[in-house]
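The report that follows reads a structure through its packing, its helix crossings and a few individual residues. Please keep the sequence and the coordinates at hand while reading.

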Amino acid sequence: MEKKKMPIGIEDFAEIITQGFYYVDKTGMIKELLNNWGKVNLFTRPRRFGKSINMSMLKCFFEIGTDKSLFEGLAISKETELCEKYMGQYPVISITLKATEAGNFETSRNLIAMEIRDVAERMSFLAESDKLTATEKKSYDSLLQRDIDDETLYRSLKTLSGLLQKHYGKKVVILIDEYDVPLAKASKQNYYKDMVLLIRNLFEQALKTNSALEFAVLTGCLRVSKESFFTGLNNPKMYTLLEAECDEQFGFTDEEVQEMLEYYGLSEYYEITKEWYDGYKIGRANVYNPWDVINWCNQLLTNPNKVPKSYWANSSGNEEVQKFVQKMGNGVTKTQIERLISGETVQKKIEEQLTYDTMYDSVENMWSLLYATGYLTQSETPSGNMVRLTIPNTEVRSIFRDFVLKLFEKKIAQDGVTVSAFCEALKRGNAADVEKLFTALMKNTISVRDTAVRKEFKESFYHGVLLGILGFQDGWSVDSNRESGDGYYDIAVEIEDEEIGIVIEVKYAENAQFEQECKKALKQINDNDYTAELKNDGMRTLLKYGVACYKSQCKIVVEREEYNPD
């Protein structure tokens, strides 16, 4: 039987159901939403956690004229009384602010106006409605104009909902997806105050003083109540990362991931999938990043030998982590980053009500930001707003590691004397000096602590540190993880004009077992003939380095071989 397609980049619920895409059933959200009832409901979740698909699903469920067959066999279909009462019973206004970010306020404002105009145009039946007066039809026509004035824009959602209520004789459901995207962009482009004024006026009209409103649902990354446009909005109900309600409705549960892997015949990849993409704790639920799981499974279906990578991380610039790492000093924050990367936890006070214009002002704010955006998660049930934070999985840990290494490279670029001395000692085969200088250079970065995080990850960190140093040496050809002999070496260097070849194998010395790991490294080089490629390239002096690292310490041994092909 032909398998369903993976819904890569598809956020339309009806398209997923009707066009044969795999769907992880989140319709239970409808029951929870209605049972928990709030006039205005805000869900805050990290990006790529299924917010837009769920909003599309809500639209399909509540909207008058919906195709009820879309929900056949799904969890919500078992709630017969609820379906009879609510399914297809409301006019729905559904907008997304996802694509409204811009470099200046005027463009962003126009994009928001265009989004609302597009929604209004799809309701062209209002222009012919015998339930509306000529004046009301004129109000509808004002929403279709290209040059909409501020007053009309502020009242647009309220106006449209009032017209829909009169036409249908029923109150309206309003869905606003990614409400905070224009605010995030505005804070970076210095038009934040103007955007706050626009969003506040738009929302107050639609959600606070709107008698045509049945209820509203909003989604975003941050809860930004201090912006004041949530003030007085009928006591909005917040579904944050700390709340138990609807905690399984965004992200995939372990059971859902196992079911997906089994469906596609990929069950053997369960452990690696869990290591890389699981680890998020929302409320009481443990969930995977859905964007990662879908893309990873899709890659495995085309290439079973594929290794996991950062799908979620590569979908943005990861600015939050970059700025956090840049603030890393030599004091407590550096120690805490070391603990996080090593798989440990730190306890922090989480402020759920952030403002985009001040979120980078302090390291304290940035802890809350990293939590809200999914780079950190809670490791246990929080005590009030004191949350024990941890990095959720290998993917996110790699993001932190990469930014730490980039910062390290910038620092050592300013220390040309030590770098040159290190490379000279490496070329001469002086293990004692290499060890001394490498230890000195490592003081410019973090340490990796002895924890349960995979040994391979720790080794890759020190591997990256060495590559960062060697990258500044002119005239050296440096390769990493290339095949040579019977395996893949960590690092190989060719100094062509001197016919010197260097192979480096890096080990993490658990419990400071330096001598043991150095011997393992040299044995691996020799057993797998890692110098074969260097010999083929004409290198005659071969230096084999075994490097063992533990925290900010290292032990380095070297073997020299003179190769004469004759």
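The buried residues of helix 16 (residues 363-372) pack against helix 14 (319-326), helix 15, strand 9 (346-349), strand 10 (377-378), strand 11 (386-390) and helix 17, where contact means heavy atoms within 4.5 Å. Helices and strands here are DSSP runs numbered from the N terminus, helices being H or I runs of at least four residues and strands E runs of at least two. Eight of the ten residues of helix 16 are buried, so helix 16 is largely enclosed by the rest of the structure; buried means under 20% relative accessible area, exposed means over 50%, and partly exposed lies in between, with a 1.4 Å probe and protein chains only. The buried set consists of V363, M366, W367, S368, L369, L370, Y371 and A372. After helix 16 comes G374, with a positive phi near 95°.

This is a predicted model, in which local features need pLDDT of at least 70 and side-chain atom pairs count only at pLDDT 80 or more, while totals for chains, interfaces and linings use all residues. Residues are numbered from 1 along each chain as its sequence is written, and side-chain values use heavy atoms, with hydrogens and water left out.

For the protein chain as a whole, the secondary structure comprises 22 helices and 18 strands, and the C-alpha trace spans about 100 × 55 × 45 Å along its principal axes. Of the 566 residues in the protein chain, 54% are buried. Among contacts in the protein chain with a separation of 6 or more, 72% come from residues 24 or more positions apart.

Two packed helices are described by the angle between their axes and the distance between the axes. Axes are lines fitted to C-alpha atoms, for helices over the stretch in contact, and angles run from 0 to 180 degrees between N-to-C directions. The axes of helix 15 (residues 332-341) and helix 17 (residues 394-412) come within 10 Å and cross at roughly 140°. That angle makes helix 15 oblique to helix 17, given that angles under 35 degrees count as roughly parallel, over 145 as roughly antiparallel, 65 to 115 as roughly perpendicular and the rest as oblique. The crossing of helix 15 and helix 17 is left-handed; a crossing is left-handed if the near helix is turned anticlockwise from the far one by less than a right angle, and right-handed if clockwise. In this pair, I337, L340 and I341 of helix 15 meet R397, F400, R401 and V404 of helix 17. By class, their contact has five nonpolar, no polar and two charged residues, where Ala, Val, Leu, Ile, Met, Phe, Trp, Tyr, Cys and Pro count as nonpolar, Asp, Glu, Lys and Arg as charged, and the others, Gly among them, as polar.

R401, which lies in helix 17, is buried at a relative accessible area of 15%. When neighbours within four places in sequence are left aside, R401 is in contact with I341, F457, S460 and F461.

In a second pair, the axes of helix 12 (residues 270-277) and helix 13 come within 10 Å and cross at roughly 145°, and this crossing is right-handed. Here I272, T273 and Y277 in helix 12 meet D292, V293 and W296 in helix 13, and the residues of the contact divide into four nonpolar, one polar and one charged.

C297 also belongs to helix 13 (residues 290-302) and is buried, with a relative accessible area of 0%. Not counting residues up to four places away in sequence, C297 touches M6, M260, L261 and L266. Between C297 and Y269 the C-alpha to C-alpha distance is 9.2 Å, with 28 residues separating them in sequence.

T66 is placed in the loop between helix 3 (51-62) and helix 4 (80-86) and counts as buried at 17% relative accessibility. A polar atom of the T66 side chain lies 2.2 Å from the backbone oxygen of C60. Leaving aside neighbours within four places in sequence, T66 is in contact with C60, F61, M87 and G88.

Two loop residues other than glycine have a positive phi, as tabulated below.

| Residue | Phi | Loop | Relative accessible area |
|---|---|---|---|
| N481 | about 55° | between strand 12 (477-480) and strand 13 (483-484) | 45%, partly exposed |
| E499 | near 55° | between strand 15 (491-495) and strand 16 (500-508) | 38%, partly exposed |

Key. A polar contact is a pair of N or O atoms within 3.5 Å; within protein, one must be able to donate a hydrogen and the other to accept it, and residues adjacent in sequence count only if both atoms are side-chain atoms.
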